[in-house]
Every structure is written in C-alpha cells, then in structure tokens.
Amino acid sequence: MTPRTNETASGGTTEETTSGKGELTTEEVECAGEPLTVEKAGADEAPGSGPAAEPSPTAENTPARPADAPRRTRRIAERAGIAVLLAVAVTGGAIAVGAARDKAPVAAVAVSAAVDPGALASGDPDAAIAALQAHLKAQPRDSDGWATLGLAYVEQARTKGDPARYPQAQAALKRALSLSPHSDQALAGQAALAAARHDFKGALTNADRALAENPYSERALSSRIDALVELGRYDEASRAADTADARKPGVPVFTRYAYVRELRGDVPAARRVLEQALGAATSKGDIAYVAAQLGQLAWNQGDYKSALTSYARALAADENYLPALEGRARAQAASGDRAAAIKGMELVVSRYPLPGPLVELGELYEARGAAGDHERAREQYALVEAWIAIAHANGVDADLDTALAAADHGDKKAALRAARAEWARRHTVHTADALAWALHVNGQDREALSYARRATATGYQSALFRYHLGVIELATGHKNEGRASLQSALKLNPGFSPLGAATARKALENTK
C-alpha cells in the first residue's frame with residue numbers, strides 16, 4: 001500500500017500583489033481561474049502573471065509537456081499513443097471548471113459558499129472553484145475567498161490527479177496572505193499544498209504557523225499529523241493525533257488517528273476509529289472517503305469480501321471516487337476476478353493516469369499474458385514516466401513514485417537514485433521499503449537488508465513489505481527467515497500484487 005497522505009504543499013510569502021497595494025484588477029481575478037501552462041507555472045507566479053490559457057487539448061491536439069521532460073519519455077509516450085491520456089492528466093480539471101462556469105445556479109451561491117472551506121468536502125471542487133472565481137471577481141480583497149480558492153485547487157488536484165493545479169493553488173494562497181498575513185485559513189492552505197507536493201517539512205512549518213493563529217483549525221491539525229507521519233516521526237504523529245482528537249474531533253481527524261494506529265500495527269483500533277468516522281460522516285464526500293479507507297484496511301488484511309463491501313458503499317456515495325474505483329479493482333484482482341479488475345483499472349487510468357493504478361494495470365496485463373498484453377503493459381509504464389515528468393514540472397517531489405515504479409518496470413539505477421534522495425528527506429516505513437527494494441534490484445542486498453527490516457519494524461502490516469524482506473533475506477543467505485517472511489506475506493494478503501504474489505510462491509517452491 002502506498003502512503004496515505006490527504007493533501008499537502010509548500011508555502012508562499014506575504015509579498016505585495018501585482019498592483020502593489022493588495023488591489024486586484026478585473027483581469028487578474030479572471031486569470032486566477034485559468035489553468036497555468038506547465039512550462040510557465042513558476043513557484044512565485046500570482047494569478048494573472050502567467051500567459052492566457054491554451055485551448056483544451058483534444059485527440060487532435062498535442063498536450064503540453066514540461067520543457068525538461070526526457071526525450072526518451074516523450075518518444076515512448078508518442079509511440080504508445082497516450083496523448084489523450086496526458087491531456088486528461090494535465091488539463092482535465094480545466095475542462096471541468098470551464099463547464100461548471102457556464103452553469104448559472106453555481107454563480108448564484110457564490111457569496112455563501114466562497115468563504116466556507118468545509119463546503120469543499122461536501123461538494124464538487126469544480127463547481128466550488130467556479131463559484132469562488134465569480135465571488136472574487138466581485139470581492140477581490142476577500143482574503144478568506146482566496147484562501148478557499150487555493151484549497152479548492154488542492155482538492156481538485158488530489159481528486160483528479162492533476163498536478164497542474166498546484167501552481168494555481170500556490171498563487172491563490174499567496175494572494176490571500178498578501179491581503180491577510182496572519183490568516184490561519186491561508187496558512188493551513190499552505191500546509192495542505194506543501195503536503196500535496198510532498199514537501200512535508202514545509203507542511204509542518206505552515207501547519208504550526210496556522211495553529212499559532214488558531215489552535216482549533218481542523219485543516220491545520222490534520223495537516224500537522226500528515227506531515228509528521230510522512231516524515232517518519234510516528235511518536236510525534238501519535239501525540240498530534242491525540243491533540244487533534246481532543247480539540248477538533250471529526251471525520252478528518254478520525255481518519256488520520258486511525259492511520260497512525262494502523263502504522264503501529266493496531267489494526268483493530270484503526271478499524272474501530274474508521275467505523276466511528278463513517279458513522280459520523282454526513283456528506284457524500286466524507287462517506288466515500290472513509291468507506292474507501294475501510295476498504296483499504298480490509299484489503300491489506302486479505303479480507304477481500306469486506307473490502308469490496310466498503311468500496312461499494314463508497315461508490316454508492318460517489319460513483320466517480322477514484323480511490324474506491326482503484327481499490328475495488330485491486331480487490332477484484334486479488335479475489336480472482338481478473339477480467340473485472342482489468343476493466344475497472346482501465347476505467348481508472350482513462351480518467352486519472354496516476355502511477356499506482358498505471359503500474360497495477362500494467363502488471364495485470366503481464367499476469368494475463370494475452371496477445372498484445374506485453375505491449376499494453378509497456379504503455380502503462382511509459383505513462384508513469386510521463387506523469388512523473390509532469391509532476392516534477394509542477395513542483396511535486398515524485399521520487400517515491402519514481403523509486404516504486406522504476407525498480408520493477410524502468411531504470412533500476414534511476415530507482416535507486418530516487419529512493420536514496422527520498423530517504424535523505426524522510427525516514428518512513430514506505431521510504432525504507434522503497435530503498436530496500438531499489439538496492440535489491442541493483443544487487444546490493446546486504447545494504448538492502450537493514451532497510452527492509454526497518455520497514456517492517458513498526459508493526460505495520462503490509463504483505464508487500466514482508467515479500468520484499470523475504471526476497472532480500474533469501475538473497476543474503478537467511479533461508480529460514482526468508483521463507484518465514486514470504487509465508488507471512490502470503491498468509492496476510494495472498495493477492496497483494498498481480499506479479500509479486502506469484503513470485504513469492506515460486507520463491508518458496510525453489511527453497512524447499
């Protein structure tokens with residue numbers, strides 16, 4: 001299972017706006033709603049400082065590519081015929097926002113919805129953004145409105161897999177702070193954006209700044225837990241979860257509290273808290289989110305029936321909820337329904353081509369082994385490289401994605417470089433596992449062993465981690481330990497990976 005962060009990203013400054021006095025021209029407000037191109041979306045650009053939006057890509061248009069994207073990646077992508085998918089990844093949000101902007105009823109609720117960040121969890125981010133843009137056009141000095149717009153862009157990027165939204169979020173939050181330098185809402189937004197970009201130190205700094213202004217900020221309390229978890233500071237994360245639960249109990253805090261417990265191996269407590277959160281959830285967005293978390297927890301334990309039930313509940317609340325669609329496909333694959341799993345994962349990547357589902361679909365093709373499946377799998381892995389290039393161009397640290405994907409399906413040396421870079425920034429169980437596996441595929445098993453053991457040391461129950469540990473133990477001559485780890489992986493979750501589970505069984509056969 002990949003790390004479960006919710007949002008995150010880096011902070012801006014409290015500089016003057018382009019007018020020099022915090023005032024916005026009509027053109028600047030309008031530009032805040034336009035997608036920034038990947039090439040021009042600089043870290044310090046404010047809304048209106050970038051060029052006008054390009055037409056939305058179609059099957060006939062070539063999608064925008066980052067200037068520094070490797071030529072090899074572009075060549076593979078073009079040969080694989082994935083231009084339309086990349087267009088969705090980069091501009092899908094822009095198309096949706098444009099459609100929402102044309103609906104008169106959305107603008108009618110602009111003033112009431114614009115300053116309420118809670119509305120983002122219960123509604124459509126596209127509609128919220130359209131309403132906020134209309135509101136800010138009329139009230140350009142509304143700091144809370146700009147902060148909420150920034151948060152809406154972060155939410156849109158998260159739900160649509162569109163990293164091109166992050167520069168827009170940063171610009172909107174920077175504008176909010178230029179109008180109100182001590183806005184806890186804007187500072188909490190900075191923390192959420194930093195976390196989304198995997199700048200977890202920045203997320204922690206901004207969460208602490210927000211909490212200094214408002215100790216009861218739910219978003220800041222939640223982002224602080226996320227940041228500590230993703231920095232591998234689990235004891236502090238546990239204390240932060242206790243504090244958040246005491247100050248602001250609710251769905252956002254409950255889900256994080258549960259994940260902290262899961263990381264320590266306390267699955268029953270995690271399940272109890274998530275069930276409590278689901279019982280407290282009222283909005284469709286919250287129900288979908290919590291039910292999908294329960295599904296993931298069940299899948300991790302090899303309880304596919306319960307996982308599918310939870311994913312069905314999530315999709316009943318939101319039929320397009322990406323984590324539930326992805327989770328359902330994984331559970332179907334693990335249950336032996338490969339045809340449904342492939343169909344479901346194809347739907348996921350056609351909408352949101354993110355590294356996790358792309359790799360999963362590629363491995364499902366490889367496991368099926370039908371005519372043309374090898375080339376289909378290669379196309380998915382090429383898309384991972386392309387997405388990572390786009391993410392980097394929009395300020396997202398994608399080293400963990402690179403390490404996880406490239407170790408098995410790409411440049412092994414690049415995987416090791418990325419894993420070492422990620423480990424230099426944060427010491428989590430996930431980065432330990434990624435570094436261990438990258439070292440293994442590069443033939444450095446003795447060094448890999450300590451990281452593989454560290455990945456499993458907290459009690460976190462991951463069949464993938466146990467599989468990696470078992471393979472590395474066998475490679476270093478620890479036959480009994482290696483067999484025990486592989487058996488443990490398959491007992492915990494026998495369908496943890498379309499290819500890894502079969503490899504684990506083969507390794508056990510070969511070491512009898």
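**Aromatic pairs and a well-covered helix**

The structure, which is a predicted model, holds four aromatic pairs. One of them brings together tryptophan 423 and tyrosine 451, set edge-to-face with 5.3 Å from centre to centre and 85° between the planes. This pair ties together distant parts of the chain: tryptophan 423 belongs to helix α23 (residues 412-425) and tyrosine 451 to helix α25 (residues 445-455), 28 residues apart. Tryptophan 423 has a relative accessibility of 10%, so it counts as buried, and tyrosine 451 is buried too, with a relative accessible area of 17%.

Tyrosine 460 and phenylalanine 465 make another pair; their ring centres lie 5.7 Å apart with the planes at 65°, so this one is edge-to-face. Tyrosine 460 is buried, at 2% relative accessible area, and phenylalanine 465 is buried with a value of 2%. Elsewhere, Trp437, Tyr467 and Phe496 come together in one aromatic cluster.

Rings also meet charges here. Arginine 261 puts its charged end over the ring of tyrosine 257, 4.0 Å from the centre, while arginine 175 lies over the face of tryptophan 146, at 5.5 Å from the ring centre.

Then there is helix α18 (residues 322-334). With 13 residues at 1.5 Å a residue, α18 should span 18 Å, and its end C-alpha atoms are indeed 18 Å apart, so the two agree. The helix is mostly covered, with 10 of its 13 residues buried, among them Leu322, Leu325, Glu326 and Arg330. What do the buried residues of α18 pack against? Their partners are α8 (143-160), α16 (284-300), α17 (304-317), α19 (338-351) and α20 (355-368). After α18 comes glycine 336, with a positive phi near 100°.

Terms used: Residues are numbered from 1 along each chain as its sequence is written. This is a predicted model: local features need pLDDT of at least 70, side-chain atom pairs count only at pLDDT 80 or more; totals for chains, interfaces and linings use all residues. Side-chain values use heavy atoms; hydrogens and water are left out. Helices (H or I, at least four residues) and strands (E, at least two) are DSSP runs, numbered from the N terminus. The expected span of a helix is 1.5 Å times one less than its number of residues. Buried means under 20% relative accessible area, exposed over 50%, partly exposed in between (1.4 Å probe, protein chains only). Contact means heavy atoms within 4.5 Å. Rings of Phe, Tyr and Trp (its six-membered ring) pair if their centres lie within 6.5 Å; planes under 30 degrees apart count as stacked, over 60 as edge-to-face and the rest as tilted. A charge sits over a ring if NZ of Lys or CZ of Arg is within 6 Å of the ring centre and within 35 degrees of the ring normal.
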